[in-house]
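Got your viewer open? Let's take a walk through a protein together, one selection at a time.

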Amino acid sequence: MKSRFIATISHEFRTPLTTIQSASELLEHYEWSTDAKQERFKQIHTAIQHMTQLLEDVLLIGRAETGNLELRPTLLNLPEFCRQLIDSFQMTMGGNHEITFICRGEPQSVWIDVKLLRQILNNLLSNAVKYSLEEEPIELGLQYERDSVVFWVRDEGIGIPPEDLPHLFEHFHRANNVGNIAGTGLGNRHC
């Protein structure tokens, strides 16, 4: 498992690093219009965000595996958090998908680990974007229940084949229908 992990992470880091290197070399050696420069900077920023998310996933898995995953709950207004998360996500991931937010039940502040919740929801939203065609709608939902809250992400993507469902929370497992879509299978574990 360790060698598979190293190979997967190495492969996943190569793509954003190549993007950063190419974009920075183009900016260094050519004269670009302001719009073209902004596009290169956006590519660099997106690649850095991707690498940061990979590192966060690796660190989370490491802490969970060693029993060092410490929850740090704070009082949080979930609808406000979700709206800010969507705004931030759409700025970094681009505007090819409209992400709508649905809140059901009586909103109230809850105690929750903000960092862990952000990582989980970012991972789910990222998968929704990655495995959906451009312009297809994506929905982030929040349901307040008597003693709990339920989150969901709904999309019109490729879905998970029934034969892959038993492997949903295994490290590195990717469904057989992903084709050439890049991914590590790391995020499945903590969703």
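Here is a tour that goes from the whole fold to the core, a pocket and a few single residues.

**Before you click**

What you see is a predicted model, where local features need pLDDT of at least 70 and side-chain atom pairs count only at pLDDT 80 or more, while totals for chains, interfaces and linings use all residues. Residues are numbered from 1 along each chain as its sequence is written, and side-chain values use heavy atoms, with hydrogens and water left out.

**Stop 1: the whole chain**

Switch to a cartoon view. You'll find four helices and five strands; these are DSSP runs (helices: H or I, at least four residues; strands: E, at least two), numbered from the N terminus. Follow the chain along its sequence and the order reads α-α-β-α-β-β-α-β-β.

Now try a surface. About 12100 Å² is exposed, and carbon and sulfur atoms supply 53% of that; the area comes from the Shrake-Rupley method with a 1.4 Å probe. How much of the protein is buried? Of the 191 residues, 34% are, where buried means under 20% relative accessible area, exposed means over 50%, and partly exposed is in between (1.4 Å probe, protein chains only).

**Stop 2: the largest nonpolar core**

Select Leu76, Leu78, Phe81, Leu117, Leu125 and Leu140 and show their side chains. In the largest nonpolar core, which has 21 residues, these touch the most other members. Such a core is a set of buried Ala, Val, Leu, Ile, Met, Phe, Trp, Tyr and Cys residues joined through side-chain atoms within 4.5 Å. Colour α3 (78–93), β2 (99–104), β3 (110–113), α4 (114–130) and β4 (138–144), since each supplies at least two residues of this core. In soluble globular proteins, nonpolar side chains tend to be buried together.

Zoom in on Leu125. Not counting residues up to four places away in sequence, Leu125 touches Leu85, Phe89, Ile99, Ile138, Leu140 and Val153. A contact here means heavy atoms within 4.5 Å.

Next, hop to Leu85, in helix α3. Is Leu85 buried or exposed? Leu85 is buried, because its relative accessible area is 6%. Leaving aside neighbours within four places in sequence, Leu85 is in contact with Arg118, Leu121, Asn122, Leu125 and Leu140. Draw a distance from Leu85 to Arg118: they are 33 residues apart along the chain, with their C-alpha atoms separated by 7.5 Å.

**Stop 3: the second largest pocket**

Select Leu60, Arg63, Asn68, Leu69, Glu70, Arg72, Asp113, Lys115, Leu116 and Gln119, which line the second largest pocket. Their mix is three nonpolar, two polar and five charged. Both α2 (34–65) and α4 supply at least two lining residues, and the largest share, three residues, comes from α4.

**Stop 4: two more residues**

Go to Ile9 in helix α1 (residues 2–29). Ile9 counts as buried because its relative accessibility is 13%. The C-alpha atoms of Ile9 and Val58 are separated by 8.8 Å, although the two are 49 residues apart along the chain.

Finish at Val150 in strand β5 (residues 149–154). With a relative accessible area of 34%, Val150 is partly exposed. Besides neighbours within four places in sequence, Val150 is in contact with Gly141, Leu142, Gln143 and Glu145. Try one last distance, Val150 to Arg104: 9.7 Å from C-alpha to C-alpha, and 46 residues apart in sequence.

Terms used
1 Å grid on protein atoms, 1.4 Å probe; cavity = no way out; pocket = protein on both sides within 12 Å on 5 of 7 lines; lining within 4 Å. Nonpolar A, V, L, I, M, F, W, Y, C, P; charged D, E, K, R; others polar.
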